[in-house]
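User: Hi! I have just opened this model and would like to learn how its descriptions are reached. Could you take me through it?

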Amino acid sequence: MDEIALAAGALYVIVLLRAGGTFAVGWLAGAGARRSRFAARTSSAKFRRAERAIQRWGAPVVAVSFLTVGFQTAANFLAGSMRMPLSRYLPALFVGGAAWALIYATAGFGVLKGLGRLFAEQTALGVAGVVALLLAVGGVVVYRRRRAMAAPSSDSG
């Protein structure tokens, strides 16, 4: 149990720094956009309405984003660029980050212990599983690259 608590604590610090940093970069990018040639767009009534909605209701989205894969960075960046008040952002960051850290610490140790047991008791099966996983990932990569290379030529003809 101590190893899970230590891992969760370390992951929590990491997620607070990473997500908080992403929020800060978003805040700076939003401030820059407001001073650039995009200033007219960011001062429109529609943009202001969206900004107020995110400032007011965005905290639950930020908190839940930590339970997703690939959306949390965008949610934190947008919360910063739309100037979500820290009084709303920080509680969402603390709650969502804690959930993320606990999930990854417990599931991560479970997977590692399972793999360790598999390799210790049935090494051939473990190696075969790793090889199958690598082949599957390689196949997906090759498939996507071929599909991406074929798409531009079929669109132009």
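Analyst: Gladly! Let's begin with Leu 11, which lies in helix α1, residues 2-34. The model is predicted, so local features need pLDDT of at least 70 and side-chain atom pairs count only at pLDDT 80 or more, while totals for chains, interfaces and linings use all residues. Residues are numbered from 1 along each chain as its sequence is written, and side-chain values use heavy atoms, with hydrogens and water left out.

User: What makes α1 a helix?

Analyst: A helix is a DSSP run of H or I with at least four residues, and a strand is a run of E with at least two, numbered from the N terminus. Residues 2-34 form helix α1, and the protein chain has six helices and zero strands.

User: Which residues is Leu 11 in contact with, leaving aside its neighbours within four places in sequence?

Analyst: They are Trp 100, Ala 101, Tyr 104 and Ala 105. Contact means heavy atoms within 4.5 Å. Leu 102 is 91 residues from Leu 11 in sequence, yet their C-alpha atoms are 8.2 Å apart.

User: How do you know what radius of gyration a compact globule of 157 residues would have?

Analyst: The rule is 2.2 Å times the number of residues to the power 0.38, and the radius is taken over C-alpha atoms. That puts a compact globule of 157 residues near 15 Å, but the protein chain has 22 Å. Its C-alpha trace spans about 65 × 60 × 20 Å along the principal axes.

User: What share of the residues is called buried?

Analyst: Buried residues make up 22% of the 157; the word means under 20% relative accessible area, with exposed over 50% and partly exposed in between (1.4 Å probe, protein chains only).
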